[in-house]
Amino acid sequence: MKHISLILFITVFLIAACTPSVNNTDARLDKRVDSVLQLMTLEEKIGQMVLYTSDWDVTGPTLRENYLDDIRKGHCGNIFNAHTVAYTRQLQKIAVEESRLGIPLLFGYDVIHGHKTIFPISLGEAASWDTTALELSARVSAIEAAASGLHWTFAPMVDVSVDPRWGRVSEGAGEDPFLGSVIARARVRGFQGPSNDLSDTLTVLATVKHFAAYGAPEAGRDYNTVDMSERVFRSIYLPPYRAAIDAGALSVMTSFNELDGVPATGSRYLLTDLLRTELGFKGFVVTDYTSINEMVDHGVAANFAEAGLLAIHAGVDMDMQGEVYFNFLKKQVEEGLVSEKLIDEAVRRVLKVKFMLGLFDDPYRYCSEEREKRYVYAPEHLDAALDVARKSMVLLKNDNQLLPLKKGEKIAVLGELAASTRDMLGSWKAAGDWDFMQSTLDVLREYNGEKNVIYAEGAKKTGDDRSGFAAALSAVRKADKVVMVIGEDWDWSGEAASRTSIQVPGVQTELLAAVKKLGKPVVVVLMNGRPLDLSREHLLADAILEAWYPGTMGGKAITQVLYGEYNPSGKLPMTFPVNVGQVPLYYYAKNTGRPIYLPNPKYKSRYIDAPNDPLYPFGFGLSYTRFEYSALKLDSKQLTAEGQLKASVTVTNSGAYDGVEIVQWYVRDLVGSVTRPVKELKGFNRIELKAGESKVVEFLLTPSQLAFYRQDMSFGTEPGDFKLFVGGNSRDVLEAPFVLK
Ligand code: GLC
C-alpha cells in the first residue's frame, strides 16, 4: 500500500519538476492536479467529494461511526470537527500511509469567532465597525486554527438578516448589505491572509456561507422557507456573498433553505449560473450538514439517490455528512446518469485547494507541536481578543452619566451571567475552553476590590426561580450602585435556536424591577446573541451596556468599559425593535404610500398599539463623551455621471472623555423607477477625537454608489434628486440635497 503512495508523490513531484515554469501558476497547478486525477479510480474520486465529521464534535443530526475505515479505503478525503496537531496527524497518517494513493485529508472546522482564543460573537464584532479589528480577529483565529492542524474554516457566515427571532443572527454582521460586505471582505482577508496565500501555514481556507439568503427564513424560524423577489435578493442578500468571493474565498457552503421554491443545495441557478458564471467563483462548493439528504424532506427528490443527482447537476462538489455521494454517485456514473467528466471537475476543484495548501508537498505541514504551543492562547492573541471585545460593546443608555463607575464605590453585582464563563464564549465557540477564564464578577472583584463587590445571583438566566431575590435585594441595600448582568443563555442563539419572544428570558427583568424600587442607580450589562426587546429594561435601568457574548477576555473587557478604561464606541449592526411585533424592522425601509408622518391620524402605515420606530436604531451607540455634528457641506449640488461629490462634516467631541465615533453616511434616492429605501448606508469613518477636539470628516460619493436594480432589473443609476445624510446613527442625522445628472 505504501509503495503506491510513494508512486503518487513521485509522479506529482516529477510533473511539478518537469513542468516548464509557466507564467500561469494555475496551468502548473492544473497539471499537478491532473497527474493525480489520472491515477484515481472512480471510487477514489468520489471519496474526495466526501466530508465526514469526526466524533470530536457533532454539529448536526448524524454521525457516521466508521469514518476511519472510510479514510483508509479512500472513501473519505475530508474531515471536519477534528483538531489539534496530535489528532489531525493521526488521521492524516491513515490517509497518507494506509490508503491506496495516499491523498492527504483536508481538515475543516467552524472557527467562526476564534479557535481557542475566542473573540466576541460575530454580531458583536460587527458592532465595532472596525475593519482592522475584524480582520485581526479572523487572522488570530486562522493562526490558532492552522497551528492546531486545521486547513479550512467554515466562515465567514455572511447571511444578512433583519429578523432577531432567528438565532443565527449572532453569527453574522447584521442587517445591512454595505456593512456586511465590508465585514465579509475583512474576515476573508483575515482567514486567508492579505495575499490569499493558502500555502502559508498560518492561513486557512475560508468558506462563504450559507449560500444563499439563509438569513431570511419566514417567521424567523431556522431552516424555514425563504421566498423573496430577485430584486430584494440581489440588492440586500447577495452583496456580502459577492464581496467575500471577490476577496478570494475559495469555498462556498450551500444553505439548508429553499429559495424561490428550490432548495439551495439543488439549485443550478444559484450554484452554477449565479455563483460560477456570474460571480466568477473558482473554488469548490460544499453542502451544509446533510443538506443533500434534506431535499427529500423538502419534497424535490423522492429519495437520496435523486437528491444526489440534483446536487451534482446543480454544482455541488462536496457532500457534508450526507453519505449520498458515496452511496450513489458511482452507480449513477456507471448507469450514465452522471458523466465522469462532471465528477472530474468537482474532484479537480478539491484537489487544487489541497495543492494550494501545500498538502501534496507535505501532508503534515500543519502538524507542528512547536507551532501549536507557540500560537494557541498566545499573549498577543488574548490582548487582541480584549481589544476587539471592548470595541464591540455598545452603550445604549447612560442617564446622569452613571457610567463610568468610580473605583472603590461599593457595588452589588447580580445575575447568573455575571459569574458565568461558558456563556461569554457564545455559540460556535470552536475549541475554546473556559475553565481558566475569569468571569465578569471575578474581574470586577479584582479591579474594584473584594470588599467593594457584593455578589448575589438573584435570578438565573432562564426559569422562574425567585428564591434568590431576597439575597439580591439585601446586597443592593448594602451597596452604592448595582451592576446587573442579564440576557440569554449562550445556547439560546446560534443554530436551531429561534425564539418567538425576544424579551430577556426568565425572571431577570422582574428582579431588575424589584431592585429599581430600592432607588440605587442600576447598570444593566447584556449578554445576548440577538437584538432583544428591551422596552422594559430601558425604563428600569439607568445605564445599559450591550456586551453580546464577549469571548475569552470578556470579563476584563466589560470591567474596563464599565470603569472608563475604554470609552465605548460600538454601534448597533442590527435594529433593536420595541417589540417582536414590529419585526422585520430595519432602517432601509420603504416610505410606503401612507407614511407615518401624514397628518391623517388614522389612515397611514402604523400600529395602534406600538410605535413604528425601533427602541434603538441601526448604527446607534452612545459614548461617555458627546459628539456633535455640524457644517455638512457638499462641494457641489450636482453629481455628474463621470463625476464625484465631496461631502464634509465637522464632528466635535464636546464632552470630557476622549473617544471614538463612527461617522455614518447614508443616501436616499427620492424618485426611482421602483420604490427606493428611505436610507442606505454608503460609507463610514471611524475617527478618534480627544475631549474638546473637532475634525472635518470627508466622504466621496460617486454615481456607482447610487446604482440599483431598476424596474427592468438592469443594474444602474437614474438621474434625479437625492439626499445625503450623515450622523452617529441612522436616525439622528444632518442632511443635504443633491442632484444626479
Ligand atoms: C451546521 C451549520 C454550518 C456549519 C456546519 C458544520 O449545520 O449550519 O454553519 O458550518 O453544520 O458544522
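This briefing walks through the ligand site, the nonpolar cores, one buried threonine and the cysteines of the structure above. The model is a predicted one, and the values below were computed from its atoms. Within this model the ligand is surrounded by 14 residues, the largest nonpolar core contains 215 residues, and a search of the whole structure finds 0 disulfides.

**The ligand and its surroundings**

- Of the 14 residues that surround the ligand, the closest are Thr 59, Asp 110, Arg 168, His 210 and Asp 288.
- Two of these closest residues also place a polar side-chain atom beside a ligand oxygen atom, with a distance of 2.8 Å for Arg 168 and of 2.6 Å for His 210.
- In the side chain of Glu 495, an N or O atom lies 3.0 Å from an oxygen atom of the ligand.
- The ligand taken alone would expose 310 Å², and the protein buries 100% of that area.

**The nonpolar cores**

- In soluble globular proteins, nonpolar side chains tend to be buried together.
- Here the largest nonpolar core has 215 residues, and those with the most contacts inside it are Ile 79, Phe 211, Phe 233, Ile 343 and Leu 562.
- Helix H9, which spans residues 230-246, supplies the largest share of this core, namely 8 residues.
- When its neighbours within four places in sequence are left aside, Leu 562 is in contact with several residues, among them Leu 403, Pro 404, Leu 405, Leu 444 and Val 483, and its contacts also include Val 523, Val 525, Leu 545 and Tyr 624.
- A second, separate core has 24 residues, including Leu 632, Leu 689, Phe 699 and Ala 736.

**A buried threonine in helix H20**

- Thr 509 is found in helix H20, which covers residues 508-516, and Thr 509 counts as buried because its relative accessible area is 5%, under the 20% cut-off.
- Not counting residues up to four places away in sequence, Thr 509 touches Ile 486, Val 504, Arg 536, Glu 537 and Leu 540.

**The cysteines**

- Why is Cys 76 too far from the closest cysteine sulfur for a bond? The closest cysteine sulfur belongs to Cys 367 and is 16 Å from that of Cys 76, whereas a disulfide needs the two sulfur atoms to be within 2.5 Å.
- Cys 367 is likewise in no disulfide, and the sulfur nearest to its own is that of Cys 76.
- Both residues are buried, since Cys 76 has a relative accessible area of 4% and Cys 367 has a relative accessibility of 8%.

Methods
Residues numbered from 1 in each chain as written. Predicted model: local features only at pLDDT ≥ 70, side-chain atom pairs only at ≥ 80, totals over all residues. Heavy atoms only, no water. Buried < 20%, exposed > 50% of the residue type's maximum accessible area, 1.4 Å probe, protein only. Core = buried A, V, L, I, M, F, W, Y, C linked by side-chain atoms within 4.5 Å. Helix = DSSP H or I, 4+ residues; strand = E, 2+ residues; numbered from the N terminus. Contact = heavy atoms within 4.5 Å. Near = heavy atom within 4 Å. Polar contact = N/O pair within 3.5 Å; in protein donor to acceptor, adjacent residues only side chain to side chain. Areas by Shrake-Rupley, 256 points an atom, 1.4 Å probe, with all protein chains shown as cover.
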